[in-house]
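Here are some comments on the model, set out point by point for discussion. They concern one helix and the charged pairs.

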Amino acid sequence: ELDRRLFRNTIVLACGCFDVLTVGHVHHLQEKTFGNLLCVLITADQFVNKGSGRPIFPEKQRAEVVDSLKCVDYVIINPYPTAAKAIQQLRPQIYVKGQEYKNHLTPALVQEVEMLNHVGGKLEFTGGEESHTTDVLRRLGVCT
């Protein structure tokens, strides 16, 4: 059950795999200027589509790492393939995505934005450098 404190705040929702946490992920999550309560959805293992051998870490471990960040107030493992249902249920005022999505609206993001508009929320893009787990793994020679 959701904590009633959620409804007295400006809820900022972020969603992602967060497989190997990078400084780009941390900066993305720290950008709390859009609200005062940050809820992070972790993509469930079964919905991670980053390629063979991914995610590297299981959902509960990924959630624990993200939850350890001071800027994060709540972490939820998302039981759905997109964030649309969670947006419907949580009704965040702000949904944040990284800059890389600004010119790359995936089908999932289109669905999420439609639901966000339905609940009266707003999409915002965080600034800063892009930093992707896949890029880090490629540099380490772990994936191609």
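1. A salt bridge is taken here as a side-chain nitrogen of Lys or Arg within 4 Å of a carboxyl oxygen of Asp or Glu. By this rule the count comes to three salt bridges, and it should be kept in mind that the model is a predicted one.

2. Asp 19 pairs with Arg 54, their closest N and O atoms being 2.7 Å apart. Asp 19 belongs to the loop between strand E1 (11-16) and H1, whereas Arg 54 belongs to the loop between E2 and H2, so the salt bridge ties together parts that are 35 residues apart in sequence. Both partners are buried, Asp 19 with a relative accessible area of 4% and Arg 54 with one of 12%.

3. A salt bridge also joins the side chains of Asp 45 and Arg 62, at 2.7 Å from N to O. This pair links distant parts of the chain, since Asp 45 sits in the loop between E2 and H2 and Arg 62 in helix H2, 17 residues apart. Asp 45 is partly exposed at 29% relative accessible area, while Arg 62 is buried at 1%.

4. Arg 62 is also one of the buried residues of helix H2 (residues 59-67), together with Ala 63 and Val 66. Viewed down the axis of H2, these buried residues fall within an arc of 100°, so they line one face of the helix. Their cover includes helix H1 (23-30), strand E2 (37-43) and strand E3 (74-78), whereas Lys 60 and Glu 64, on the other side of H2, are exposed.

5. Lys 122 and Glu 124 form a salt bridge in which the closest N and O atoms are 3.0 Å apart. Lys 122 is partly exposed at 47% relative accessibility, and Glu 124 is buried at 17%.

Definitions and conventions. Residues numbered from 1 in each chain as written. Predicted model: local features only at pLDDT ≥ 70, side-chain atom pairs only at ≥ 80, totals over all residues. Heavy atoms only, no water. Buried < 20%, exposed > 50% of the residue type's maximum accessible area, 1.4 Å probe, protein only. Helix = DSSP H or I, 4+ residues; strand = E, 2+ residues; numbered from the N terminus. Arc of directions from axis to C-beta. Contact = heavy atoms within 4.5 Å.
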